[in-house]
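Colleague: Could you walk me through this model, starting with a single side chain and working out to the whole assembly?

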Amino acid sequence: MSGGTFVGMPAFPAAAREAVGDTTLRANLRHATHTIRNKRARAVAELSDWDLLREAGKQIKDHTLRHLDRYLVQLEESVERAGGTVHWACDAEEANRIVADLVRATGETEVVKVKSMATQEIGLNEALEAEGIRAYETDLAELIVQLGRDRPSHILVPAIHRNRGEIRDIFRKEMADWGRPAPDGLTDTPTELAEAARLHLREKFLRAKVGISGANFMVAETGTLVVVESEGNGRMCLTLPETLISVVGIEKVVPGWRDLEVFLQTLPRSSTAERMNPYTSMWTGTTDQDGPNAFHLVLLDNGRTDTLADEVGRQALRCIRCSACLNVCPVYERAGGHAYGSVYPGPIGAILSPQLRGTGSDIDASLPYASSLCGACYEVCPVAIDIPEVLVHLRERVVQGGEATRGGNRVMLKPAKGHAAERAAMRAAGLAFARPGALRAGQRLASRTRRLHPRTLPGPGRAWSASRDLPEVPVEPFRDWWQRTRGDGSGGTTEGNAQ
Amino acid sequence: MRVALFLTCVNDTLYPETGRAVVKLLTRLGVDVDFPMAQTCCGQAHYNTGYRHQAEPLARHFSDVFGSDAYDAVVTPSGSCGAMVRELYPRMGERARAEGRGDSLARSVAPVVPKTYELTEFLVDVLGVTDVGAYYPHTVTYHPTCHGLRALGLADRPSRLLRAVKGLELVELPGAEECCGFGGTFAVKNADVSAAMGTDKVRNAESTGAEVLSAADNSCLMHIGGTMSRLRTAMRPVHIAEILASTEEEALS
């Protein structure tokens with residue numbers, strides 16, 4: 001679990017099997033997700049115009065994505081006019097190199113970080129480490145993950161899989177290696193844990209010359225970046241250092257300030273169930289004698305343009321990373337975030353990761369199947385991403401292959417390995433179902449041999465019968481009963497009648 | 001009124017008693033029911049597993065069988081297969097058109113989509129009844145099933161129907177809106193997570209003390225019932241159609 005990397009992860013079913021068997025993990029996840037989901041439902045129910053806000057958020061994002069090229073150029077002009085510098089990064093490697101060069105140019109070897117999914121996505125901390133630069137996470141949950149040499153397990157609550165006792169143990173054992181040690185006799189009460197983290201982080205904020213952040217939104221018309229957070233650590237990182245570097249996915253741009261009105265209502269209610277997030281920080285380029293005197297914006301593509309080219313899958317780019325879909329997902333609740341093999345777990349991760357990274361690896365090919373298609377994620381999504389629709393679309397790509405965009409080029413994907421038997425079975429079932437006579441012959445055979453059917457199965461069916469009993473095959477399928485009792489020529493009872 | 005019963009391939013093959021119950025119930029309510037023998041499968045398993053192209057001929061076949069003007073409505077005792085027709089057939093038509101394959105699929109499914117109803121929806125919305133004259137002297141808890149709940153928006157229709165059943169005591173299921181973990185091929189592809197979800201559903205159902213767990217989808221009931229059987233739960237799964245068909249004269253056995 002060390003190094004924050006997901007490379008070499010097993011495919012979802014194997015990783016999930018391990019998680020399902022971990023009773024502490026399941027209890028932690030169940031408690032946390034149910035608490036947040038219930039609070040969210042109450043916060044959303046307070047607004048009578050929620051459906052309109054949801055539709056507005058969807059429309060704004062779709063409009064922006066449709067004209068992304070135009071808004072990004074406008075954003076670049078606005079940022080530079082305000083005294084910032086814009087860098088374009090087509091992939092993780094390029095983004096990491098740009099950031100490392102910028103830090104090195106300041107002569108510093110330490111940076112403080114605001115919690116940011118984009119920098120997690122590109123593995124920035126590890127890349128900086130390789131350049132001799134130490135990155136300190138300052139969000140409480142990210143700090144727990146970093147000190148525990150762990151990986152984030154949730155978008156909003158990266159340490160959701162840890163309980164208080166585990167956090168106390170991590171603080172006691174690891175804090176000294178990273179700066180101020182944990183106080184003697186630290187207990188697992190939330191106030192003591194928070195105070196230990198506050199003291200540990202405070203000395204880093206006051207010393208740091210370089211801050212690194214992401215952004216929740218970027219306003220094209222003014223070049224303003226926005227970070228919403230609950231703890232205030234983000235605002236310290238954004239205002240105290242001399243140099244601020246923000247790494248932001250290109251889909252985070254919105255056209256104007258008026259658009260923030262929608263998202264600053266829907267994001268906090270969907271994520272932390274708050275009416276308004278405690279800290280909303282906004283910065284526009286640089287200002288003399290106030291805040292950082294150098295500001296760099298690294299605009300990250302890393303598979304986003306490819307995703308935009310897919311007309312069904314592109315709606316994933318509307319995501320505002322609220323994580324409401326994780327908190328209602330019955331699969332996430334049992335499998336945990338690590339099983340998804342990406343910094344984006346849960347339902348949104350299951351559609352985002354295989355689009356950003358392609359479906360070439362085992363883990364990415366298994367992600368579209370990490371869902372029962374129950375639709376709870378779509379129901380809570382504040383920008384109405386039809387996650388089940390995209391999951392099914394990506395399943396098609398996995399089993400059938402087909403056209404996709406990778407690296408800006410249209411390519412023909414081959415079906416993923418290991419689906420040949422399923423494909424043959426689906427084809428055979430399709431042929432049988434196309435002919436009612438074949439279906440009926442199969443049913444009759446099953447009925448005649450019903451006494452011979454085992455209640456557990458060999459082969460691939462074992463997965464079913466390992467934990468569930470199979471139904472008994474009835475003596476007579478319905479259609480035989482119908483024909484026996486009603487086959488009096490009362491219309492529609494012959495096989496070919498409606499073909 | 002003349003309706004075509006779309007029983008679904010799962011019910012036809014494994015749960016014929018549900019089909020017989022629908023026929024009995026609708027006939028009792030004065031509806032002329034037909035079962036077009038040419039029906040097979042709506043293609044949901046294909047579509048949801050990623051075989052949209054293999055599902056297309058099944059959608060066409062379904063539309064050929066049920067699209068006939070001879071039927072005022074198509075009724076199915078499956079929220080999931082009902083949602084396939086209503087929600088996904090139009091989407092399949094649009095996708096085929098977007099792929100430059102013309103609008104023949106969209107045209108083919110167009111007549112059948114608006115007249116396809118899940119059973120409880122048909123009873124409440126089309127026939128306008130909530131008391132169907134049923135008698136079922138048991139304690140029942142109801143699992144709404146995801147496609148019935150979210151894709152079709154059945155809301156309280158099933159529970160209104162159940163509350164009107166004589167002798168029936170309806171008890172609330174904790175976590176009712178949570179998926180039971182069936183999910184078609186999900187139950188096999190992610191068997192461990194599916195089984196964990198099924199076990200939690202059964203535990204929640206057990207906590208109600210009800211004798212019967214009902215739902216409007218036999219595939220979910222197959223998964224839940226198979227889990228109950230394995231856990232030796234003293235509770236039985238019964239499709240809502242069978243409860244609604246049961247009367248004092250002819251009680252459900």
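Colleague: What is the relative accessibility of A:Arg104, and how does that residue count?
Modeller: Three classes are used: buried is under 20% relative accessible area, exposed is over 50%, and partly exposed lies in between (1.4 Å probe, protein chains only). With a value of 42%, A:Arg104 therefore counts as partly exposed.

Colleague: And what pLDDT must side-chain atom pairs have to count?
Modeller: Residues are numbered from 1 along each chain as its sequence is written, while chains are lettered from A and ligands numbered from 1 in the order in which they are written. This is a predicted model whose side-chain values use heavy atoms, leaving out hydrogens and water; totals for chains, interfaces and linings use all residues, local features need pLDDT of at least 70, and side-chain atom pairs count only at pLDDT 80 or more.

Colleague: Which residue forms a salt bridge with A:Arg104?
Modeller: A salt bridge here is a side-chain nitrogen of Lys or Arg within 4 Å of a carboxyl oxygen of Asp or Glu. The closest N and O atoms of this pair are 2.1 Å apart, and the partner of A:Arg104 is A:Glu131. The two sit in distant parts of the chain, with A:Arg104 in helix H5 of chain A (helices are DSSP runs of H or I, at least four residues; strands are E, at least two; both numbered from the N terminus). At the other end, in the loop between helix H7 and strand S3 of chain A, is A:Glu131.

Colleague: Is A:Asp469, which pairs with B:Arg230, buried or exposed?
Modeller: The closest N and O atoms of this salt bridge are 2.8 Å apart. The pair crosses between chains, from helix H12 of chain B to the loop between helices H22 and H23 of chain A. While B:Arg230 is partly exposed at 29% relative accessibility, A:Asp469 has a relative accessible area of 13%, so A:Asp469 is buried.

Colleague: Which residue of chain B pairs with A:Arg479?
Modeller: This salt bridge runs from helix H23 of chain A to helix H1 of chain B. Its closest N and O atoms are 2.6 Å apart. With a relative accessible area of 1%, A:Arg479 is buried, and at 2% its partner is buried too: B:Asp12.

Colleague: How many salt bridges cross the interface of chain B and chain A?
Modeller: Over all chains, the structure holds 50 salt bridges. One that crosses joins B:Asp200 to A:Arg26, with the closest N and O atoms 3.6 Å apart. Both also belong to a network of salt bridges that includes A:Arg30 and B:Glu178. Across this interface, the rule finds 11.

Colleague: How much area do chain B and chain A bury between them?
Modeller: The contact (heavy atoms within 4.5 Å) takes 66 residues from chain B and 76 residues from chain A. Buried area is the accessible area (1.4 Å probe) that two parts lose on being put together, summed over both. Carbon and sulfur atoms hold 57% of it, and the total is about 5900 Å².

Colleague: Finally, how many residues of helix H16 in chain A are buried?
Modeller: Chain A has 23 helices and 12 strands, and 57% of its 499 residues count as buried. Helix H16 covers residues 346-356 and is mostly covered. Among its buried residues are A:Ile348, A:Ser353 and A:Gln355, and the count of buried residues is 11 of 11.
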